[in-house]
Amino acid sequence: MPALALLSAFFVVGFEQMVEVKYGATGVVGLLLLTIGIKAKSPAVSSVGAVVLALLLTGPAI
């Protein structure tokens, strides 16, 4: 069980660092809002996080 928790934490931190490098602080804020919204079961907060990430992914196309 501790090995699974350690592996999961390593994956989450690695993914967060990848998002921060590629999309900057705004990407981290979007990911944080999405995660908090899902854990708190708040559709509004998770939707805002998803929209922020979607806008970052589409980039200058919009």
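Ser46 sits in helix H2, which runs over residues 43-58 of this predicted model. Its surroundings make a handy starting point. With a relative accessible area of 15%, Ser46 falls under the 20% mark and so counts as buried. The side chain of Ser46 reaches back to the backbone oxygen of Ser42, at 3.1 Å. Once neighbours within four places in sequence are set aside, Ser46 is in contact with Leu33, Leu34, Gly37 and Ile38. Those four partners belong to the stretch assigned to helix H1, residues 2-39, so the contacts of Ser46 link H2 to H1.

Further along H2 comes Val52. Not counting residues up to four places away in sequence, Val52 touches Thr26 and Gly30. Both of these lie within the residue range of H1 as well. Leu32 gives another handle on the spacing here: Val52 and Leu32 are 20 residues apart in sequence, while their C-alpha atoms are 11 Å apart in space.

Between the two helices there is a loop, and Lys41 is part of that loop. The backbone of Lys41 is worth a look, as its phi is near 55°, a positive value in a residue other than glycine. As for solvent, Lys41 has a relative accessibility of 73%, which is over the 50% cut-off, so Lys41 counts as exposed. Ser46, by contrast, is buried, whereas Lys41 in the loop is exposed.

Back on H1, there is a nonpolar patch on the surface, formed by Phe11, Val12, Phe15 and Met18. Together these residues offer about 420 Å² of accessible area. Met18, one of the patch members, is placed in helix H1, and the numbers of Phe11, Val12 and Phe15 fall in the range of H1 too.

Zooming out, the secondary structure of the protein chain is simply two helices and zero strands. The C-alpha trace spans about 45 × 25 × 15 Å along its principal axes. The radius of gyration is 13 Å, whereas a compact globule of 62 residues would come out near 11 Å. Buried residues account for 15% of the 62 residues in the chain, and Ser46 is one of the buried ones. The accessible surface adds up to about 4700 Å², and 79% of that belongs to carbon and sulfur atoms.

Definitions and conventions. Residues numbered from 1 in each chain as written. Predicted model: local features only at pLDDT ≥ 70, side-chain atom pairs only at ≥ 80, totals over all residues. Heavy atoms only, no water. Patch = residues over 30% accessible without salt bridge, like charges linked within 9 Å, V, L, I, M, F, W, Y side chains within 5 Å. Areas by Shrake-Rupley, 256 points an atom, 1.4 Å probe, with all protein chains shown as cover. Salt bridge = Lys/Arg side-chain N within 4 Å of Asp/Glu carboxyl O. Buried < 20%, exposed > 50% of the residue type's maximum accessible area, 1.4 Å probe, protein only. Polar contact = N/O pair within 3.5 Å; in protein donor to acceptor, adjacent residues only side chain to side chain. Contact = heavy atoms within 4.5 Å. Rg over C-alpha atoms; globule rule 2.2 N^0.38 Å.
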